[in-house]
Amino acid sequence: MSSRALRVLAVATKVIDEIPAEPTSENLESGLQLIGLVGMIDPPRPEAREAVKECRRAGIKPVMITGDHVVTASAIAKDLGILTESDQAVTGAELAQMTDTELDSRVRSIAVYARVSPEDKIRIVRAWQRQGEVVAMTGDGVNDAPALKAADIGCAMGVTGTDVAKGAADMTLTDDNFATIVEAVREGRGIYDNIKKAVGFLLGTNIGELLTVFLAMIFWRQTPLLSMQLLWINLVTDSLPAIAIGVEAVDPNVMDRKPKKRSESIFAGGLGLRIALQGLLFSVVTLFSFWLGQKVTGTLAGGQTLAFMVLALSQVVQAFNMRSTHSLFKIGPFTNHKLNWAALASFALVLLVAFVPPVRMAFELVVLPTGLYLWALALILFPIVAMEAAKALDFIKHRH
């Protein structure tokens, strides 16, 4: 055994010899000398700061509710950007002294709640809901379960969360990462946008078909489209492009918008008016095609053939317009590859009906003069010109 090991053993023996048979806090905590302090911290994840910043940009107010001391909670909240100079930090004791009315008046300015009880968490959730806000609550413990249940969206931690918390929540966060919640908000907004685009496209095209038949019957007492032609248009030009619009990439600026109100309709922001105007545009273009085809060929079938081609293919072109409220050439006209394939398939199926003799005869279509096909091309592309002009003049934009 080395001499150093012997010295350590001797010191240890001496210390043990000095400990009384029945140690007390008085004799153990006497004669001590402060050598240093040791502190521990559970640091926030690096991506959390950026996630909080993105929340604020998106109009989402992050609030910290914790059982830690108010000083500790405030320091971490300031570091993350949750607690700003205009925000307040309160304790559970201070919260208990507030009435619901007082809490309602102050809830928007409080960003940190420290040393709170499970009942306090429910009060905070209810206070925000009384402000008309949609509240998302995260938690992992058993005492978080009531608040998770009370919130509009309860999000339990999947790694550290208890089974009780997971059972009470609406969703489970598999990686316990706040940044994942922000990314989910981004994706959710993108999905909602795509639903609106698909609905707008389908309603606009169907209103156009309805107006076309209705107005033609009023003015000419003739139908511009036969029933099987309309069915083919609905089957080919409505279904495939609408599905492709539903998988459009998320708008890069989607997190720069403010949250929508609970009562806001899917047709808010001018979408209802745009649908009506688009339907009217399709109707006017198709009726003009019907009149022109009939005038040039001198037959009803000639007018119906040109009207069929223009209405069917202009709706496929309109699917590209519905991708964004920004210019089609700004986002890239062919960046949605699924829509490209859907449009090609729709074009091929319409041209199949228009140019393959047995199929053309089954649909009661005829061969048109070359000049009318050039007119058809111009009328098919007209919705792009009209929509690009509307976008350039700021008639079509997100309104929040």
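**Exercise 1. Phe 355 and its surroundings**

Work out how Phe 355 counts at 40% relative accessibility, and then place this residue in the fold.

*Solution.* Step one is the class: with a relative accessibility of 40%, Phe 355 counts as partly exposed. The cut-offs are under 20% relative accessible area for buried and over 50% for exposed, with partly exposed in between (1.4 Å probe, protein chains only). Before going on, keep in mind that this is a predicted model, where local features need pLDDT of at least 70 and side-chain atom pairs count only at pLDDT 80 or more, while totals for chains, interfaces and linings use all residues. Residues are numbered from 1 along each chain as its sequence is written, and side-chain values use heavy atoms, with hydrogens and water left out.

Step two is the element: Phe 355 sits in helix H15. Helices (H or I, at least four residues) and strands (E, at least two) are DSSP runs, numbered from the N terminus.

Step three is the company Phe 355 keeps. Setting aside neighbours within four places in sequence, Phe 355 touches Met 309, Arg 360 and Tyr 373, where contact means heavy atoms within 4.5 Å. For a sense of scale, Ala 114 is 241 residues from Phe 355 in sequence and 74 Å from it in space, C-alpha to C-alpha.

**Exercise 2. Two helix pairs**

Describe how H10 packs on H12 and how H11 packs on H15.

*Solution.* Two packed helices are described by the angle between their axes and the distance between the axes. Axes are lines fitted to C-alpha atoms, for helices over the stretch in contact, and angles run from 0 to 180 degrees between N-to-C directions.

Start with H10 (residues 178-219) and H12 (residues 271-297): the angle is about 40 degrees and the axes are 7 Å apart. That makes the two helices oblique to each other. The bins are under 35 degrees for roughly parallel, over 145 for roughly antiparallel, 65 to 115 for roughly perpendicular, and oblique for the rest. H10 goes past H12 in a right-handed crossing, that is, the near helix is turned clockwise from the far one by less than a right angle; anticlockwise would be left-handed.

Now the contact itself. On the H10 side you'll find, among others, Gly 200, Gly 204 and Gly 208, and the H12 side includes Gly 279, Phe 282 and Ser 283. Sorted by class, the residues of this contact come to 10 nonpolar, nine polar and one charged. Ala, Val, Leu, Ile, Met, Phe, Trp, Tyr, Cys and Pro go down as nonpolar, Asp, Glu, Lys and Arg as charged, and the others, Gly among them, as polar.

Next, H11 (residues 227-245) and H15 (residues 337-355) have axes 8 Å apart at an angle of about 170 degrees. So H11 and H15 are roughly antiparallel to each other. H11 brings residues including Trp 232, Leu 240 and Pro 241, while H15 offers Leu 339, Leu 349 and Val 353, among others. The class count for H11 with H15 is 11 nonpolar, two polar and one charged.

**Exercise 3. Two sheets**

Which strand order does each open sheet of three strands have?

*Solution.* Strands of a sheet pair through backbone hydrogen bonds, either parallel or antiparallel. Two strands count as paired if DSSP finds at least two bridges between them.

One sheet runs S1-S3-S2 with parallel pairing. S1 (64-66) and S2 (88-91) are its edge strands, each pairing on one side only. Its neighbouring strands are turned by 15 degrees against each other on average, direction ignored. S1 and S3 (residues 110-114) share three bridges, and Met 64 has Val 112 as its bridge partner in S3.

The other sheet reads S4-S5-S6, with parallel pairing. Here the edges are S4 (136-139) and S6 (171-173), and the twist averages 30 degrees from one strand to the next. S4 and S5 pair over four bridges, with Met 137 opposite Gly 154. S5 (residues 153-157) and S6 pair over three bridges, with Ala 156 opposite Thr 172. In S4, Met 137 and Gly 139 make up the covered face, and Ala 136 and Thr 138 the uncovered one.

**Exercise 4. Positive phi**

Find where Arg 115 and Arg 221 lie, and give their phi values.

*Solution.* Most residues other than glycine have a negative phi. Arg 115 has a positive phi of about 55 degrees although it is not a glycine. Arg 115 belongs to the loop between S3 and helix H7 (118-130) and is exposed, at 51% relative accessible area.

Arg 221 also has a positive phi, near 55 degrees. Arg 221 lies in the loop between H10 and H11, and is exposed with a relative accessible area of 69%.
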